Amino acid sequence: MTELLQQAIAQIQQLPPDQQDAIAARFLAQLQDEQKWEIRFATTTDDQWDQMAAMVRQEIAAGETVPLDEVFPTQK
C-alpha cells in the first residue's frame with residue numbers, strides 16, 4: 001500500500017461509520033467504473049477506433065462540435 005493511500009485511510013478511519021461507508025461506496029464504484037473502461041479500451045479493435053475517428057471527423061466537418069476552449073474556458 002502506498003504512503004498516500006495509508007494517509008487517506010487513516011483520515012477516513014477518524015470519520016463516523018456512516019461517512020466511512022459513504023466514502024467506501026464511492027471508492028468502490030470508482031474502481032468498478034475504471035475496470036469497465038480498461039476492459040472497454042483493451043477490447044476495442046483498430047476497426048472500431050477507425051470508425052470512431054471517422055465519426056468525429058464527420059461531426060467536425062458538419063460543424064456539430066464545439067471547441068474545447070468554449071466548453072472549458074481558460075482562466076487568466
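Ile39 sits in helix H2, which covers residues 17–43; helices here are DSSP runs of H or I with at least four residues, strands are runs of E with at least two, and both are numbered from the N terminus. The structure is a predicted model, so local features need pLDDT of at least 70 and side-chain atom pairs count only at pLDDT 80 or more, while totals for chains, interfaces and linings use all residues. Residues are numbered from 1 along each chain as its sequence is written, and side-chain values use heavy atoms, with hydrogens and water left out.

Back to Ile39: with a relative accessibility of 54%, Ile39 goes down as exposed (the cut-offs are under 20% relative accessible area for buried, over 50% for exposed and partly exposed in between, with a 1.4 Å probe and protein chains only). Between Ile39 and Leu4 there are 26 Å in space, C-alpha to C-alpha, for a sequence separation of 35 residues.

Now for the chain as a whole. The protein chain has four helices and zero strands, and its elements read α-α-α-α from the N terminus on. Its radius of gyration comes out at 20 Å, whereas a compact globule of 76 residues would be near 11 Å; the radius is taken over C-alpha atoms, and the globule rule is 2.2 Å times the number of residues to the power 0.38. Along the principal axes, the C-alpha atoms fill a box of roughly 55 × 40 × 25 Å. Just 1% of the 76 residues count as buried. About 7300 Å² of the protein chain is exposed, and carbon and sulfur atoms supply 56% of that area (Shrake-Rupley method, 1.4 Å probe; for residues, only the protein chains shown count as cover).

Helix H3 (46–61) fits that picture. Zero of its 16 residues are buried, so H3 lies largely in the open. Its end C-alpha atoms are 22 Å apart, which agrees with the 22 Å that 16 residues should span at 1.5 Å a residue; the expected span is 1.5 Å times one less than the number of residues. Glu59 belongs to H3 and is partly exposed at 32% relative accessible area. The C-alpha atoms of Glu59 and Leu5 are 42 Å apart, with their positions 54 residues apart along the chain. Just after H3 comes Gly63, with a positive phi of about 75°.

As for side-chain contacts, a search of the whole structure turns up two aromatic pairs; rings of Phe, Tyr and Trp (its six-membered ring) pair if their centres lie within 6.5 Å, and planes under 30 degrees apart are stacked, over 60 edge-to-face and the rest tilted. One of them, Phe41 with Trp49, is stacked, at 5.6 Å centre to centre and 10° between the planes. Phe41 is partly exposed at 45% relative accessible area, and Trp49 is partly exposed at 34%. Together with Trp37, Phe41 and Trp49 make up one aromatic cluster.

These three aromatics turn up again in a nonpolar surface patch: Trp37, Phe41, Trp49 and Met52 share about 420 Å² of accessible area. H2 and H3 are the elements that each give two or more residues to this patch. Patch members have over 30% relative accessible area and no salt bridge, with nonpolar side chains (Val, Leu, Ile, Met, Phe, Trp, Tyr) joined within 5 Å and like charges within 9 Å; a salt bridge is a side-chain nitrogen of Lys or Arg within 4 Å of a carboxyl oxygen of Asp or Glu. Met52, found in H3, is partly exposed with a relative accessible area of 37%.
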